[in-house]
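Visitor: I am new to this structure and would love a close look at one part of it. Could you pick out the sheet and walk me through how it is put together and what lies against it?

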Amino acid sequence: MVTTHDRIDELLQLIEVEPDALREAEFLQAQAILDTLVGKSIAAANVEETRIVVTTSDGNRYFFYGFLGAGD
C-alpha cells in the first residue's frame with residue numbers, strides 16, 4: 001500500500017534540482033546570449049540584487065542570474 005509519506009517522497013524527487021546541473025544550464029544560457037552580442041557595444045552593466053543587467057548601445061537589455069558560481 002502506498003502511503004501519503006511515500007507519495008510525498010516521490011513528488012519531492014521529481015522537483016529535486018541538482019545544483020551543478022542548474023549551473024551548467026545557466027552557463028549554456030548565458031553563453032548563447034553572449035554569442036548574440038558579438039559586434040554590439042555594451043552601454044552599461046549593472047549588478048542588481050539577484051542578477052546582472054547588460055544594456056547594449058541599441059537599448060536592448062540582457063539579464064544574467066546568479067547560478068554561475070563554481071560548485072563545491
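Guide: Happy to! One term first: a residue counts as buried when its relative accessible area is under 20%, and as exposed when that area is over 50%. Please also keep in mind that this is a predicted model.

Let's begin with the layout. Three strands form an open sheet in the order β1-β2-β3, with antiparallel pairing. The edge strands are β1, residues 42-47, and β3, residues 61-65, and each of them pairs on one side only. On average, neighbouring strands of this sheet are turned by 15 degrees against each other, direction ignored.

Now look at the pairings. Strands of a sheet pair through backbone hydrogen bonds, either parallel or antiparallel. Here β1 and β2, the latter covering residues 51-56, run antiparallel and are joined by five bridges. Five bridges also join β2 to β3, again antiparallel. Those two strands form a hairpin with four residues between them, and Gly59 in the turn has a positive phi of about 95 degrees.

Val54 in β2 is a good place to pause. Ala45 stands opposite Val54, and in β3 the bridge partner of Val54 is Tyr62. Leaving aside neighbours within four places in sequence, Val54 is in contact with Ile42, Ala44, Ala45, Asn60, Arg61, Tyr62 and Phe64.

Next, follow β3 itself. In a regular strand the side chains alternate between the two faces of the sheet. Along β3, Tyr62 and Phe64 point to one face and are buried, while Arg61, Phe63 and Tyr65 point to the other face and are not buried.

Where do those two buried side chains of β3 belong? Tyr62 and Phe64 are part of the largest nonpolar core, a group of six residues that also contains Ala30, Ile33, Leu37 and Val54. Both α2, residues 19-36, and β3 supply at least two residues of this core. In soluble globular proteins, nonpolar side chains tend to be buried together.

That brings us to the helix. With 18 residues at 1.5 Å a residue, α2 should span 26 Å, and its end C-alpha atoms are 26 Å apart, which agrees. The buried residues of α2 are Glu26, Ala30 and Ile33. Seen down the axis of α2, these buried residues fall within an arc of 60 degrees, so they line one face of the helix. What covers the buried residues of α2 includes β3, the edge strand we have just followed.

Key: Residues numbered from 1 in each chain as written. Predicted model: local features only at pLDDT ≥ 70, side-chain atom pairs only at ≥ 80, totals over all residues. Heavy atoms only, no water. Pairing = 2+ DSSP bridges. Axes fitted to C-alpha atoms, helices over the stretch in contact; angles between N-to-C directions. Buried < 20%, exposed > 50% of the residue type's maximum accessible area, 1.4 Å probe, protein only. Core = buried A, V, L, I, M, F, W, Y, C linked by side-chain atoms within 4.5 Å. Contact = heavy atoms within 4.5 Å. Expected span 1.5 Å × (residues − 1). Arc of directions from axis to C-beta.
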